[in-house]
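Good morning, and thank you for making time for this presentation. I would ask you to keep the sequence and the structure in view while I speak.

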Amino acid sequence: MEWSRNPTRQLLLQIWSSANLLIGAMDVTPAMLAAAVAVLAVVASLPVLLRLLSASTGGKKTKLPLPPGPFGLPFIGQTLSLVRALRANTADDWLRRCVAAYGPVSRLSLFGCPTAFLVGPAANKFIFASAAVTAKTPESLARMVGRRTIREVVGDEHRRVRAMMVQFLRVDAVKRYVASMDGEVRRHLDEEWRGRGTVAVMPAMKLLTFDVMCTAIFGLGRDAVRRELWTEFQQLVRGIWAVPVNLPFTTYSRCLAASRRGRHAVAGVIQERRAKLERGESAPSSDVVTNMLAEGLPDEEIIDNVMFLMVAAHDTTAALLTFLIRQLEADKDAYDKVVHEQEEIARSKAPGEALSWEDLVRMRYTWAAAMETLRMVPPVFSMMRKTVADVEYGGYLIPEGWQVIHAANMTQWDPAIFPEPGRFDPARFENPSGVPPFAFVPFGGGARVCPGNEFARVETLVAVHYIVTRFRWKLAAGCDRSFSRFPLPYPSQGLLIDIEPIQK
C-alpha cells in the first residue's frame with residue numbers, strides 16, 4: 001500500500017484538516033482556538049507514527065517520480081498561505097511563484113491532503129476530461145447541499161441526472177425562458193433600483209439571479225416558499241468554506257441549520273409537485289423537480305440536486321453581472337459600444353414588448369464583453385478534483401487519492417495566449433474560434449462542462465439590456481475597485497454605485 005493511500009494516514013489528515021481550517025477561519029473564537037490547540041497537541045506526536053506506517057509499506061518505489069515541490073510543514077502545508085492570498089486577492093502571484101519555482105506540474109499540501117497543481121491548456125483538458133480524475137466537493141458544502149448531486153455521482157448515474165437537468169438548460173429550453181427572464185429583470189429593476197440613488201450591485205444581482213432561477217427552472221411563484229428559500233440560501237452559502245465544526249457558536253452550525261430549513265422547504269415543493277403529477281395537473285416537462293419525480297429519482301437525491309443547483313446557478317452569474325457592471329464603469333469605450341448595441345435593439349421594440357431570442361442573438365459585442373469579464377475575473381478561481389487511480393501526467397506520477405487543482409487565471413492571464421492580459425478587450429471573443437482549446441474554461445470542459453452555460457448567457461444579456469438602457473452609473477464615493485476571492489470574487493462594499501435613471 002502506498003504511504004499516500006494509507007487509511008490511517010488519511011484519517012489523521014482529516015483530523016488535521018479540521019484543526020487547520022479552524023485556525024484560518026474568519027470566525028475564530030477563544031473556545032475554537034482552545035479546541036484547535038487540543039488537536040494540535042495530539043498531532044504533534046504523529047510524525048513518528050507516520051514514519052512507522054511508511055516503513056510498513058515495504059519500501060515500494062514507483063517508476064515515475066512525484067511532482068516537484070515541498071509539502072511544507074507536516075499537515076499544514078501551504079493551506080494558510082493560500083487562504084491568506086485568496087482573501088487579499090494576491091493568489092495569482094502566489095501561484096505564479098509556485099510555477100516559476102517548480103514548473104507547470106508541482107506538488108503541495110492543501111487542507112491536509114497531498115495536492116498536484118497543474119498549469120496550462122493541456123492541464124485543463126486533463127483535469128476536465130481524464131477518467132482518472134473526478135470532482136471533489138469541500139466537506140462543508142457536501143454536508144450542506146448533499147452527497148448525491150450531479151457533481152458527485154459518476155458513470156451512468158451522472159449521465160442520467162445530467163440528462164434530466166439538460167432538458168431544462170439546453171438551447172431549445174432556454175429559448176422558452178426569455179420572456180420570463182425579461183419579466184423578472186424588469187420587476188427587479190422597478191423594485192430594487194428605481195427611485196434609489198445608490199445600489200449595492202452584488203447583493204442586488206444575487207437576488208435577481210435567484211429569482212430568475214426560481215421562476216424559469218423550478219417554476220416557483222413569488223410566495224412564502226421562495227422568500228424562505230432566499231433567506232436560507234443566503235445563510236447557507238456563507239458556509240461553503242466554513243470550519244466543519246458543528247458547535248453552536250460557529251458559522252458552520254448556523255449554515256447547517258439553514259440547510260436543514262432549506263431542505264425542508266424543498267421537500268414541501270416535492271410533495272406539492274408529486275400531488276399535481278398524480279392528479280394529471282402537470283407533466284414531466286413542467287419543471288426540473290417534476291421531471292426528476294417522473295424519472296423515479298428518490299426524494300433525497302432530488303433535494304440534493306435542487307440544493308446544489310440553487311447554489312451553483314445564481315452565485316456565479318451574479319458575480320459575472322457585478323464585475324461586468326464594474327468594468328463598464330471603468331471603460332468608456334466598451335460602455336459606449338454596449339449601450340449602442342442595446343439601444344438599437346430597444347428602438348426596434350414596441351413599448352413594453354419583451355426581448356426575443358432573435359434580439360439576444362444580436363447582442364454579440366455585449367456577450368464578448370461578458371466573456372472578457374469572465375477571463376479577467378473568473379467566478380471560480382480554482383477547480384478541485386481528486387484522482388481515483390494512479391495516473392501519469394507530464395512525466396510524473398499523481399497517486400490515487402491526491403487532490404488535483406488548476407487555476408483559471410494561469411491560462412486566462414497568460415500573455416502568450418492573451419496578449420496584454422491586463423487590458424479589457426472584448427474583441428478577443430468576437431471570434432471565439434481564435435481562442436485555443438482549453439485556454440479559456442469559465443464553464444469547465446469535457447463531459448463535465450457546465451450544463452447551465454446557455455442559461456447564464458441569456459440571463460446575463462437580458463439583465464444587461466435593461467440596466468444599460470434604463471440607468472447610468474458610477475462608483476459611489478468611498479467605494480474602491482478592490483475585491484476578495486474567498487470563496488468567490490466579492491467587490492468591496494458589494495460594489496456600491498450611484499445610479500441615475502435615463503429619461504426617455
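**From an exposed glycine to the aromatic pairs**

I begin with Gly 478, which is found in the loop between strand S9 (471–475) and strand S10 (483–484). Please bear in mind throughout that this is a predicted model. Is Gly 478 buried or exposed? Its relative accessibility is 70%, so Gly 478 counts as exposed. Its C-alpha atom is separated by 10.0 Å from that of Ser 492, a residue 14 positions away along the chain.

Let me turn to the sheet. Five strands form an open sheet, in the order S1-S2-S8-S5-S3, and the pairing is mixed. Which strands stand at the edges? They are S1 (105–110) and S3 (133–135); each has a single partner strand, so one side of each is left without a neighbour in the sheet. On average, and with direction ignored, neighbouring strands of this sheet are turned by 35° against each other. Within the sheet, strand S5 (residues 382–387) and strand S8 (residues 403–407) run antiparallel and are joined by 5 bridges. To give one position on S8, Val 404 is the bridge partner of Arg 385.

Among the helices, I would like to single out H10, residues 201–216. With 16 residues at 1.5 Å a residue, H10 should span 22 Å, and its end C-alpha atoms are indeed 22 Å apart, so the expected and the modelled spans agree. How many of the 16 residues of H10 are buried? The number is 14, and H10 is therefore largely enclosed by the rest of the structure.

I come now to the aromatic residues. A search of the whole structure finds 10 aromatic pairs. In one of them, the ring centres of Phe 126 and Tyr 393 lie 4.8 Å apart; the planes are at 35°, so this pair is tilted. For the reasoning here, the tilted class covers planes that are neither under 30 degrees apart nor over 60. Which parts of the chain does this pair link? Phe 126 belongs to helix H6 (residues 121–129) and Tyr 393 to strand S6 (residues 391–393), so that distant parts of the chain, 267 residues apart, are brought into contact through the pair. Phe 126 has 12% relative accessibility and counts as buried; Tyr 393, with a relative accessible area of 16%, is buried as well.

A second example is formed by Phe 429 and Phe 440, whose ring centres are 4.7 Å apart and whose planes are at 45°, so this pair is also tilted. Both residues lie in the loop between helix H18 (409–412) and helix H19 (453–470), so the pair ties together parts that are 11 residues apart in sequence. Phe 429 and Phe 440 are both buried.

The loop between H18 and H19 also holds Cys 450. In an unreviewed entry, UniProt places the feature "binding site" at Cys 450. At 33% relative accessibility, Cys 450 counts as partly exposed.

Ring pairs also link Phe 210, Trp 230 and Phe 233 into a cluster.

Finally, I note two contacts between arginine and an aromatic ring. The charged end of Arg 107 sits over the ring of Phe 71, at 4.8 Å from the ring centre. Arg 375, in turn, lies over the face of Phe 418, with 5.4 Å to the ring centre.

Thank you for your attention.

How values were computed. Residues are numbered from 1 along each chain as its sequence is written. This is a predicted model: local features need pLDDT of at least 70, side-chain atom pairs count only at pLDDT 80 or more; totals for chains, interfaces and linings use all residues. Side-chain values use heavy atoms; hydrogens and water are left out. Rings of Phe, Tyr and Trp (its six-membered ring) pair if their centres lie within 6.5 Å; planes under 30 degrees apart count as stacked, over 60 as edge-to-face and the rest as tilted. Helices (H or I, at least four residues) and strands (E, at least two) are DSSP runs, numbered from the N terminus. Buried means under 20% relative accessible area, exposed over 50%, partly exposed in between (1.4 Å probe, protein chains only). A charge sits over a ring if NZ of Lys or CZ of Arg is within 6 Å of the ring centre and within 35 degrees of the ring normal. UniProt positions are given in the numbering used here, feature names are shortened, and annotations may be inferred rather than shown by experiment. The expected span of a helix is 1.5 Å times one less than its number of residues. Two strands pair if DSSP finds at least two bridges between them. Axes are lines fitted to C-alpha atoms, for helices over the stretch in contact, and angles run from 0 to 180 degrees between N-to-C directions.
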